[in-house]
Amino acid sequence: MDRLIYVDNSATTPVSPEALKAMEPYFIEGFGNASSLYSVGRKAKKALEEARASIAGCFNAEPDEIYFTSGGSEADNWAIKGVAHLMAKKGKKHIITSKFEHHAVLHTCAVLEKEGFEVTYLNVHHNGIVRPEELEAAIRPDTALVTIMYANNEIGTIQPIPEIGAICKKHGVLFHTDAVQAAGNIHIDVKAQNIDMLSISAHKFHGPKGVGALYIRKGIILPNLIEGGAQEKGHRAGTENVAGIVGMSVALKNACDHIDEKAARLSKMRDRLIDGLLKIERSHINGDREHRLPGNVNMCFEGVEGESLLLQLDLRGVCASSGSACTSGSLDPSHVLLSIGLPHEIAHGSLRISFGDQNTEEDVDFLLQEVPKIVNYLRSFSPLWEEIKEGKVHFPINYD
Ligand SMILES: *Cc1c(COP(=O)(O)O)cnc(C)c1O
């Protein structure tokens, strides 16, 4: 095998050479603690504050509204638990989210339910999109928080965030969005879109792993996440990951500065791959085609196991995913695919291809050449496929 084709950029991305280069000095000569007063510490502090301002600029936020975290999961946990505990004091113990959020959101909501909070899980329908009117109908006088992801990590569907933000503002409910998949791929403006809190993670946009941020609109004072030193204004203590934060800011700036050309390039690759793979008999695209992340392809091939497809792709040097990276290894079908009404048998057979900066049209050529061959091969000894072809089984898809 002469080359590796990495098309799993929704799981993680390689660090860009620019981000790596920007990080390097902070490991050696610039290793100072950003809280120290001598010059090597002051330089680290300056780099930290420049990174904060640059990150804020990508979302039209203010620098002092950006709090550094260890990643997307931490940011989601802080926003949701923080608002829940803050608003519970005012008697508001109801949260609205959707059925297909990342587990960092869903499992946090489940913990809060055990603490006595009530959670409404909105339907995302067959297209994988929350309906604003259903969100508005779910808001109650005791609703503390709405948390809806910007774009889904499995099927790439983009949610109507400006509409959701406007509804939350109208009803005086706080609005958090997990923008981990959207950041660097879609134009985000926290002011224009009425977003109160927003989570990002560097390793999803060609920055390093283990670093992220939570935007918290000025005036919202969440309970501290970590007690200790005065870092992050005392709200999230712990010596800052200066190199990681610098890497995150450079990667994000690079993505935001080239967002339109990146989207144009990736969506062209995405559309060519989808059109080509849809020519395979009994293949389906999961999630809305139009409101979709530029680099996301998610498809099912009836009678084919997702895991078998991945193993065959791996033999050919292709790294892809079926469902979410966090649940692969378990035999449970993806909660995202079930949430859009796919039956279990089909939800097991999904393939997610997600493109990033390093991918090219040649990668698409290779996938278009290999995937149909693999599907045919796997179907050739699938008893289920025989039954599907003979019309003995068909999978009802719930088009609600
Ligand atoms: C990856 C991801 C996360 C988790 O981010 P980490 O930095 O890995 O903790 C949260 N939400 C979404 C939508 C993601 O894709």
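Leu 351 has a busy neighbourhood: setting aside residues within four places of it in sequence, Leu 351 is in contact with Val 297, Asn 298, Met 299, Phe 301, Leu 309, Leu 310, Leu 313, Ala 320, Ser 321 and Val 371. Keep in mind as you look around that this is a predicted model. The points below take a look at Leu 351 and then at the ligand.

**Leu 351**

- You can find Leu 351 in strand 12, which covers residues 350-354.
- Leu 351 counts as buried because its relative accessibility is 2%, and the cut-off for buried is under 20%.
- From C-alpha to C-alpha, Leu 351 and His 125 lie 20 Å apart in space, with their positions 226 residues apart in sequence.

**The shell around the ligand**

- The ligand is surrounded by 13 residues, and the closest are Ser 73, Asp 178, Gln 181, Ser 201 and Lys 204.
- By type, the shell residues are 8 polar, 3 charged and 2 nonpolar.
- Helix 3, made of residues 72-88, contributes the most to this shell, with 3 residues.

**Polar atoms beside the ligand**

- In Ser 201, a side-chain N or O atom is 2.6 Å from an oxygen atom of the ligand.
- Lys 204 has a side-chain N or O atom 2.7 Å from a ligand oxygen atom.
- For Gln 181, the distance from a polar side-chain atom to an oxygen atom of the ligand is 2.7 Å.
- On its own the ligand would expose 380 Å², and the protein buries 87% of that area.

Key
Residues numbered from 1 in each chain as written. Predicted model: local features only at pLDDT ≥ 70, side-chain atom pairs only at ≥ 80, totals over all residues. Heavy atoms only, no water. Near = heavy atom within 4 Å. Polar contact = N/O pair within 3.5 Å; in protein donor to acceptor, adjacent residues only side chain to side chain. Areas by Shrake-Rupley, 256 points an atom, 1.4 Å probe, with all protein chains shown as cover. Helix = DSSP H or I, 4+ residues; strand = E, 2+ residues; numbered from the N terminus. Nonpolar A, V, L, I, M, F, W, Y, C, P; charged D, E, K, R; others polar. Buried < 20%, exposed > 50% of the residue type's maximum accessible area, 1.4 Å probe, protein only. Contact = heavy atoms within 4.5 Å.
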